[in-house]
Amino acid sequence: MNILSSNCNFVEAQRADLIGKYVGHTAPQTKEMIEKANGGVLFIDEAYSIASYIEDEGGRDFGAECIATLIKEMEDKRDSLCVILAGYTKEMNQMLKVNPGFESRIQFKIEFPDYSSDELYQIFKNIAKEEKYRLSNNLKPILISYFNKERKKENFSNARCVRNLFEKIKFEQADRVIKQNENINTIKKCDIENVLNKLEDNNKHEEKKNRIGFAC
């Protein structure tokens, strides 16, 4: 589409790529990443982690130094550089408030909604297909019910939630196949139920462990 220059620069960076370990290292390190991306796109994943960078013992805020450098370079290179900052909505809004000049440099904000439970179920099916697993016909209700509950949690991880669940189900399915001496890559309802029961037991255990009480 001729959006990028002929260099086709696309540089992905995280906090560790931008913030130095020692005093005076952050600004040059941030500039180095910007120069690599100049003429193209600098994509900063989990960008909010820059603002939450803990000050060192001397009270020096390396995160603020990184943001100040980034703001200046965004202004100086506004005709040759596109910066994309990605992260969770709440944390990103907090990050933009760290420096008064930050938000004014951001021309577009795109908020991606969470996947619906039906979309998460479709992702689960796609993962199973890619890994050559067959699914029983009665799995959708139990999975939709699980996704409905997960979507209400504050730390809901979207599609990663599906991947993590699928990995646990794979182990459960493999254990069942070995015990029953089967050789069929089919995920059954019992595999999912066993995993969900274990997850619920773990959650109850964690809640009990974190509870503080007094007795007399």
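**Figure 1. Phenylalanine 156, a buried residue in a loop.** With a relative accessible area of 10%, phenylalanine 156 counts as buried, and this view of the predicted model starts right there. You'll find phenylalanine 156 in the loop between H8 and H9. Setting aside neighbours within four places in sequence, its contacts are Asp114, Leu120, Glu150, Arg151 and Cys161. Take Asp114 from that list: aspartate 114 and phenylalanine 156 sit 42 residues apart along the chain, yet 9.0 Å separates their C-alpha atoms. Asparagine 158 belongs to the loop between H8 and H9 as well. Its phi is positive, about 60°, although asparagine 158 is not a glycine.

**Figure 2. The whole chain, for orientation.** Before going further in, here's the overall tally: the protein chain has ten helices and five strands. Of its 216 residues, 34% are buried. Now look at the contacts between residues at least 6 apart in sequence: 69% of them join residues at least 24 apart.

**Figure 3. The largest pocket and what lines it.** This pocket has a volume of about 2000 Å³. It is lined by 50 residues, and Leu85, Ala86, Gly87, Ile110 and Phe112 are the closest to its centre. Several elements each supply at least two lining residues: strands E2 (41-44) and E3 (82-85), along with helices H4 (62-76), H5 (89-96), H6 (102-105) and H9 (159-180). Which element gives the most to this lining? That's H5, with six residues. Sorted by class, the lining of the largest pocket holds 23 nonpolar, twelve polar and 15 charged residues.

**Figure 4. The second largest pocket.** Here the space comes to about 580 Å³. Among the 18 residues lining this pocket, the closest to its centre are Tyr146, Glu150, Lys153, Leu199 and Asn203. Helices H8 (140-150), H9 and H10 (189-210) each bring at least two residues to the lining. The classes split into seven nonpolar, six polar and five charged residues. You've met Glu150 already, as one of the contacts of phenylalanine 156.

**Figure 5. The largest nonpolar core.** This view shows a core of 25 residues, where Leu42, Ile44, Ile50, Leu70, Leu85 and Phe102 have the most contacts inside it. Two or more residues come from each of E1 (10-13), H2 (26-37), E2, H3 (48-51), H4, E3 and H5. H4 provides the largest share, six residues. For a closer look, pick isoleucine 50: leaving out neighbours within four places in sequence, it is in contact with Arg15, Leu18, Ile19, Ile44, Gly63, Cys66, Ile67 and Met95. Another core lies apart from this one, with 23 residues that include Leu139, Leu165, Phe166 and Leu196.

**Figure 6. Helix H5 and its buried face.** Met92, Met95 and Leu96 are buried in H5. Why can we say that the buried residues line one face of the helix? Looking down the axis of H5, they fall within an arc of 95°, so one face holds them. What do the buried residues of H5 pack against? They pack against H3, E3 and H6.

**Figure 7. Glutamate 73, a buried residue of helix H4.** Glutamate 73 is in helix H4. Is glutamate 73 buried or exposed? Its relative accessible area is 8%, so it counts as buried. Beyond its neighbours within four places in sequence, glutamate 73 is in contact with Lys31, Ile34 and Glu35.

**Figure 8. Glutamine 173, a buried residue of helix H9.** Glutamine 173 has its place in helix H9. Its relative accessibility is 2%, so glutamine 173 counts as buried. Not counting residues up to four places away in sequence, it touches Tyr133, Ile184, Asn185, Thr186, Ile187 and Asp191.

**Figure 9. Lysine 132, an exposed loop residue.** The last stop is the loop between helix H7 (117-130) and strand E4 (134-135), where lysine 132 is found. With a relative accessible area of 66%, lysine 132 is exposed. Its phi is near 65°, a positive value in a residue other than glycine.

Definitions and conventions
Residues numbered from 1 in each chain as written. Predicted model: local features only at pLDDT ≥ 70, side-chain atom pairs only at ≥ 80, totals over all residues. Heavy atoms only, no water. 1 Å grid on protein atoms, 1.4 Å probe; cavity = no way out; pocket = protein on both sides within 12 Å on 5 of 7 lines; lining within 4 Å. Points joined across faces, edges and corners; volume = space filled by probe spheres on them. Helix = DSSP H or I, 4+ residues; strand = E, 2+ residues; numbered from the N terminus. Nonpolar A, V, L, I, M, F, W, Y, C, P; charged D, E, K, R; others polar. Buried < 20%, exposed > 50% of the residue type's maximum accessible area, 1.4 Å probe, protein only. Contact = heavy atoms within 4.5 Å. Core = buried A, V, L, I, M, F, W, Y, C linked by side-chain atoms within 4.5 Å. Arc of directions from axis to C-beta.
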